[in-house]
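Please load the model in your viewer and keep the selection panel open. The stops below say what to select and what is there.

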Amino acid sequence: MSSRRFTVEEALSQILNWDSDAEEEISETEDLSETEDNVIDDPDCRFSYDEDDSEDESAVVSPSDENQETQQSSSTEGTWTSKDGNIKWSTSPQQSQGRLSSSNIIKMTPGPTRFAVTRVDNIQSAFQLFISPPIERIILDMTNMEGRRVYQEKWKPLDQTDLHAYIGILVLAGVYRSKGEATASLRNEENGRPIFRATMSLETFHMISRVIRFDNRDTRAGRRERDKLAAIRDVWDKWVEILPLLYNPGPHVTVDERLVPFRGRCPFRQYMPNKPAKYGIKIWVACDAKSSYAWNMQVYTGKLPGGASEKNQGMRVVLEMSEGLQGHDITCDNFFTSYRLGDELQKRKLTMLGTVRRNKPELPSKILKMQGRPLHSSIFVFTETATVVSYCPKRNKNVLVMSTMHKDASLSTRKDMKPQMIMDYNSTKGGVDNLDKVTATYSCQRKTARWPLVIFYNIVDVSAYNAYVLWTEINQQWNASKLYRRQLFLEELGKALVTPKIQRRARPAQSPAAAAIIEKVKLRSSNQSAMDPVDTGVKKRKRCQVCSSREDSETTTSCVKCKNYICRKHTVTFCPSCREH
């Protein structure tokens, strides 16, 4: 009897009657896909995140179905070389791994951070987390310095109440869609809003707008040689540092550019013909793809005089914008996407998804050919770390998408047989575009020739929207049935900011409508003070959390976190209530 040993392939062939060709076909069409979250039905919709969409007709299926075999015009088994000859692309997926990659494991809870939740008591407190006291001190000190220089003895120093009232007027002007309306028209007795006249005079508003500053003018010349953003650098940096401390983004983060409209003189003004405003200040933004919360921002100031042009700018921007993230997917457009960027992001345990330009040297030439390609066909190529798909939505036109998150050739069941990579890209690419839309709807921008003031207006707009995201996620039932929640939020925020200024007003208003508002605000304040509990000076003693004995300052101590009392006779290493050591 022969003792010949069989290999695994020969054993399977003997038992199941498999041949090598059938095995290759099975391995090529094996279902390795998993249904991704946030899949949308409408391919043109960019901001829909309904959970039920992933179970509708856009569900992901394996390419092994007969209909999809006819649509996916994948080449025969083989290896394609990139145009630069450095990368080998395979036409079949790499071997799937059983466990989830560390690049898709998020170690932070999406949504408002604990730091934000414990400090948001009302709408105004949510907003003032972004325009923090250190930022306010810089603005007040520099504005008062410039006011004394311009108006001398006529200038009355501003305080925090005046600054809040000024910002409140800007917010209310945005709520009333008065961005392009003259300031005098806002205070018109017949057609204007009386709350503007009740807050401050037109002359005071113009004086503040003229002298508001964000740095020391005397030392600006030296700093501007090294930094084009010197006129507002301190305020901008302090504001950007706050953004990631208050909110953790979800699994998908969008990186893109914004263009803040401005046609005045600015050393780094940009011309972008594809943007509605054409001219303005370009800002790189990383925001949550679902809520459009601005998580990180950076002003593009161009190159320094005499400096060399920057190379690999797109990769540098994405790496800086995503610093501090782990386990997220970064969605970007073809300005940023590259094979090298995907490798660098994976070193940080991040994945990449984005469209890619045809002239990239890392792409194989065969994937770009359109001759003989049927409509709605897809060609996939793979490496160990990346996947590229060439999809044909129209005759003689293809769309190229690169991903380090997708590892298979999944298609949707739609009529156009759109690849799952493109479906996921469409559902996550619009985070920054949506931020542009919502901030432009109720923008506080006023006409000005000073670019630092334009950036400050943008800070107020983005802060108001981020505060709205925090407030609605912390208080999900707040006006949940209303379709104009953001308008209500901004209106309440503006009124809360101007109320202390109205209460402090001593001179009566000449306008009857403005006088009525002042009287109403002061009456509401007096009623609220009357309802507050009266401090009798007698403090109720608390009980020990262990033995319930009454508080005694000599024999008890308090927990640092929850302020509960524990007798000193108890030797405990942690608080019984909050478990804090």
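Is Lys154 buried or exposed? Select it and turn on the surface: Lys154 is exposed, because its relative accessible area is 56% and the cut-off for that label is over 50%. Keep in mind throughout that this is a predicted model.

**Stop 1: a salt bridge between distant parts of the chain**

With Lys154 still selected, add Glu203. The two form a salt bridge in which the closest N and O atoms are 3.4 Å apart. Glu203 belongs to helix α10 (residues 202-211), while Lys154 sits in the loop between α6 (133-151) and α7 (160-175); the pair links distant parts of the chain, 49 residues apart. Glu203 has a relative accessibility of 47%, so it counts as partly exposed.

Next, select Glu146, Arg149, Arg213 and Arg217. These residues are linked in a network of salt bridges. A search of the whole structure finds 18 salt bridges.

**Stop 2: the whole chain**

Zoom out and switch to a cartoon. The protein chain has 19 helices and 17 strands. Of its 581 residues, 47% count as buried. Among contacts with a separation of 6 or more, 62% are between residues 24 or more positions apart. With the surface shown, the accessible area of the protein chain comes to about 31400 Å², and carbon and sulfur atoms account for 47% of that.

**Stop 3: the nonpolar cores**

In soluble globular proteins, nonpolar side chains tend to be buried together. Select Trp236, Trp239, Trp451 and Phe456: these residues have the most contacts inside the largest nonpolar core, which has 126 residues. Then colour helix α17 (residues 451-474), which gives the most to this core, with 16 residues.

Centre on Trp236. What is Trp236 in contact with, leaving aside its neighbours within four places in sequence? Show Leu229, Ile283, Met297, Gln298, Val299, Ile455 and Ile459, and the list is complete.

A second, separate core has 13 residues. To find that core, select Phe380, Tyr391, Val401 and Ala409, which are among its members.

**Stop 4: strand β6 and its partners**

Select residues 252-261, which make up strand β6. Why is β6 described as largely enclosed by the rest of the structure? Nine of its 10 residues are buried, so the rest of the structure surrounds most of the strand.

Now add the partner strands. Strand β8 (residues 279-288) pairs with β6 in the antiparallel sense over nine bridges. Strand β10 (residues 329-332) pairs with β6 in the parallel sense over three bridges. Val253 is a useful residue to centre on: it stands opposite Asp288 in β8, and its bridge partner in β10 is Ile330.

Stay with β6 and show the side chain of Glu257. It meets the side chain of Lys275 in a salt bridge (3.9 Å, N to O). Lys275 lies in the loop between β7 (270-271) and β8, and Glu257 in strand β6, so this pair ties together parts that are 18 residues apart in sequence. Both Lys275 and Glu257 are buried.

**Stop 5: Ser292**

Move on to the loop between β8 and β9 (294-299), where Ser292 is found. Most residues other than glycine have a negative phi. Ser292, by contrast, has a positive phi, near 65°. At 1% relative accessibility, Ser292 counts as buried.

**Stop 6: residues 414 to 417**

Select Arg414 and Asp416. They form a salt bridge, and the closest N and O atoms are 2.9 Å apart. Arg414 counts as buried at 10% relative accessibility, and Asp416 counts as buried at 15%.

Add Met417, which lies in the loop between β15 (411-412) and α15 (420-428). Its phi is positive, at about 50°, although Met417 is not a glycine. Met417 is buried, with a relative accessibility of 8%.

**Stop 7: cysteines**

How many disulfides does the structure hold? It holds zero. Two cysteines to select here are Cys287 and Cys444. Cys287 is buried, with a relative accessible area of 0%; Cys444 is buried as well, at 2%.

Key
Residues numbered from 1 in each chain as written. Predicted model: local features only at pLDDT ≥ 70, side-chain atom pairs only at ≥ 80, totals over all residues. Heavy atoms only, no water. Core = buried A, V, L, I, M, F, W, Y, C linked by side-chain atoms within 4.5 Å. Buried < 20%, exposed > 50% of the residue type's maximum accessible area, 1.4 Å probe, protein only. Helix = DSSP H or I, 4+ residues; strand = E, 2+ residues; numbered from the N terminus. Contact = heavy atoms within 4.5 Å. Areas by Shrake-Rupley, 256 points an atom, 1.4 Å probe, with all protein chains shown as cover. Pairing = 2+ DSSP bridges. Disulfide = S-S within 2.5 Å. Salt bridge = Lys/Arg side-chain N within 4 Å of Asp/Glu carboxyl O.
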